[in-house]
Amino acid sequence: MKYTTQEIAFITNAGLIGNPKRVVKNIAFDSRSIYSSKNTAFIAINSSKNSGEKYIESAIEKGIEIIIAEKKSSDNPNITWIIVENSLQFLRQLAKYHFENSIIKSIGITGSNGKTILKEWLYQSLWSEFSTVKSPKSFNSQIGLPLSLLQINPKNELGIFEVGISKPTEMTQQEEIFHPNIGVLTYIGSAHSANFENEAQLIDEKIKLFKHSKVIIFNGDKELIVNKINKSYSSKKLISFGLNPTNNIFIKNNFNNRKEPIIVQVFNEEISFQAHNRDRATLSNALALIAVLKELGFSNAKIVEKINALQAVEMRLESVEGVRNNLIINDSYNLDLDSLKIAFQFIKEYNKPKKSLVLTDFVESDIDDNFYKEVIDLVNEQNFERVYLIGNEIIKFSNEIKTKNYTFTSTHDFIESKYFDEFENQLILLKGARKFEIERIKDILELRKHETRLEVNLNALLHNINIHKSLLKPETKIMAMVKANAYGLGSFEISEFLQHHHIDYLGVAVADEGAYLRKKGITTPIIVMNPEQHSYRTVIEYNLEPEIYSFRVLDLFCNELKRHGITEKYPIHIKLETGMHRLGFKETELEELSKIVYENNIKVQSIFSHLATADMPEEKGYVKFQLENFKRASNNLIDLLGYQPIRHILNSSGILNYTEDQYDMVRIGIGMMGIAYNENIQKSMQTTVSFKTVISQISDINIGETVGYARRFKAEKESRIATIPVGYADGIPRLIGNGVGKVSVHNQLVPIVGTVCMDMLMIDVTDISAKEGDDVIIFSEKPSLFEFSNYCNTIPYEVLSSISPRVKRVYIKD
Ligand SMILES: *Cc1c(COP(=O)(O)O)cnc(C)c1O
């Protein structure tokens, strides 16, 4: 988009204060991730939980000169204000105008799974045919969709946008601003958010996107969907795809037979292609892609060509600790202007003072004369300490880069250069087109070379929190439990991410865990659940809030407060014993407790307790008993104190199964990792943690030969045995050796054979075409963390928190 402030005010009927001629090309709504202030307006969006107005000052500090807000809040004469009645409404109005006044053909994608992948695949297939614009990342919400639409430029011929909803009535609003010519409905799972009554309601709502579409392309594997679409849209052109042969487009042969190509019936024609990934979700997306390309008039040969050229969709950036205290942000999957902007936004979130950029030629975008100029302008705005340019095209712009920069014609030349060893204490952003393979730079700079890694998908973690949140009242606070190194995932990385997303409280077990977070810059309130006797000093020095569970520790803590000369009201958290019989005050002790609290002038910030059986359906009665005890005892204590601290009792499974007892706050732990002790909700969780390694060696074993210590595996037929570099010192218990546990290779489960060693174990890959260097999944989706815990005869909590620190943690975010 490109409008003057005056035009914007005119279009949206908003007030204008200041310069009417300023040009707006971007709108930013998160002040923390502003990567460019040029032609950017900051919009202060108010939601029920947060007020965007709080961030206006920080946007101005970052150089923003145009503010869109519901009221003027600063006298800075340099700012142009667009004053609106409701900022979200404004955004929608502007986007609607912009969309309706562009002449692009548009594709709108909705559904519960596969939206983003299909959108990216369509983009990969179409950008070289049409000038194409798409939603960045998975921008599909009430804010994301308008921002995506505003990216349309006059030269664009085609727009591909995702549309998501989280509540009934939202689709009508989304459709008001965006009415796609071609509507696509990907898969709708039977899991639905608590905001919808049932699946039928969810479907009814989603298909409202197609109200004005000419063509609807939809997954017809579910009868309910077919019926509803036929009923509502009988006059439109309808194209169904799916795995059932009742669809217009379906797979004809047995797709599990990997020796054969996939044969797809497309109306009365056939097309066939090879496919490596043959899971149902991937194949459904491929069918959707075929349907859209066909509708756009592509020949069968061209469609096959496009399918063969598809690349894995990796919209994720991974961050890894590097040697010499470097932090490496690897985004070497694809390179276009959008993804460059996203990467710049992303690195704003890291507190590393020195940042460097490695950037290659762009090959995956449509490039015109001004393209590189725009890239260089953006790079110049980021204040990198050094910039390394790789490729024959981009190095031509070396002179236009303001900071120190170096040029190379290939990744190889860069790696061989002397500059490569200079990185120290830096954030290094690797941003390259695929063919340059700049991930090789990451491989060299990575700190721990151990191939075994624990991948933490932060998007999934946030998604899982949001699923829990959607069950709660909007005002209920959330404490994230990050004790025991955040269940083994890395307490700082998780806490930093959650702090960014405005979590209300963090919970750790011991004071040192809290002190570590403070030293690394975490400022969110932190509760220490189980402060040890001598740790109250640390608690106070690092501004942590202790759980107080007995008179003995209360006394210790009061003494420490006196020693520090602290007389103002220090916040503490009172643990009540309600049935767990672990720690806590008994009801008979509350009167005495309130006296001591009063005498020492401390502040009871919260009153809480912990449920022993919230995950056990058969123990509902006991939960009710504990909840009753808590209600009575906490009411009693509130009366004695004369004020009302916040109250909390629910852990993750409590949130799912006893939502009505949420009080003022809940404490989420294992739920963030995608484990839900509630079958229905489990379906909507995403996998947060993946434990992976690679095959070190494969040996052919003859009948009668044995494998490993104690010769516990003896080949009964000729076998191929793979060794993987992970053992009990990494957290894999010995008890899952000898066929008890399984891992997956090429998405197939294979048994662990022989005894688990300290640093290695062996698996049987006789039946699959695995080779050395191939990936092995210890747990992720298959087997899931839950299944893996079952092999180990324990629970996901123990599995996660037992993974050894030597296993490299890798964080993934988009
Ligand atoms: C660990 C812990 C939680 C979180 O439990 P989950 O089952 O992981 O949700 C909540 N409250 C307390 C007191 C805890 O120690």
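A residue counts as buried when its relative accessible area is under 20%. Keep that cut-off in mind as we walk through this structure, which is a predicted model.

Let's start with the aromatic rings. There are 25 aromatic pairs here. Take phenylalanine 362 and phenylalanine 371: their ring centres are 5.0 Å apart and the planes make an angle of 75°, an edge-to-face arrangement. Phenylalanine 362 has a relative accessibility of 3%, so it counts as buried. Its partner, phenylalanine 371, comes in at 7%, so that one is buried too. Now compare phenylalanine 779 and phenylalanine 788, with centres 5.3 Å apart: the planes sit at 45°, so this pair is tilted. Again we're looking at buried residues, with phenylalanine 779 at 0% relative accessible area and phenylalanine 788 at 1%.

Elsewhere, aromatic residues gather into a cluster made up of Tyr388, Tyr406, Phe408, Phe414, Tyr419 and Phe423. Rings also turn up underneath charges. Lysine 520 places its charged end over the ring of phenylalanine 492, at 4.6 Å from the ring centre. Lysine 134 does likewise with tyrosine 123, its charged end lying 4.9 Å from the centre of that ring.

Lysine 134 is a handy way into the next stop, since strand β9 covers residues 132-134. That strand belongs to an open sheet of 9 strands with mixed pairing, and if you trace across it you pass β9-β10-β8-β11-β12-β13-β14-β15-β16 in that order. Why do β9 and β16 each have one side without a neighbour in the sheet? Both stand at the edges, and each has a single partner strand, so the other side is left free of any sheet neighbour. On average, neighbouring strands are turned by 15° against each other, ignoring direction. For β9, look to β10 (residues 158-162): the two run parallel and are joined by 3 bridges. Along that pairing you'll find threonine 132 opposite leucine 158 of β10.

Last stop, the ligand. Around it you'll see Met481, Lys483, Tyr487, His610, Asn651, Ser652, Arg667, Gly669, Ile670 and Tyr797. Let's zoom in on some of the contacts. Tyrosine 487 brings a polar side-chain atom to 2.6 Å from a ligand oxygen. On the side of arginine 667, an N or O atom of the side chain lies 2.7 Å from a ligand nitrogen. Glycine 669 joins in through its backbone, where a polar atom is 3.1 Å from an oxygen of the ligand.

Conventions: Residues numbered from 1 in each chain as written. Predicted model: local features only at pLDDT ≥ 70, side-chain atom pairs only at ≥ 80, totals over all residues. Heavy atoms only, no water. Phe/Tyr/Trp six-rings, centres within 6.5 Å; stacked < 30°, edge-to-face > 60°. Buried < 20%, exposed > 50% of the residue type's maximum accessible area, 1.4 Å probe, protein only. Lys NZ or Arg CZ within 6 Å of the ring centre and 35° of its normal. Pairing = 2+ DSSP bridges. Helix = DSSP H or I, 4+ residues; strand = E, 2+ residues; numbered from the N terminus. Axes fitted to C-alpha atoms, helices over the stretch in contact; angles between N-to-C directions. Near = heavy atom within 4 Å. Polar contact = N/O pair within 3.5 Å; in protein donor to acceptor, adjacent residues only side chain to side chain.
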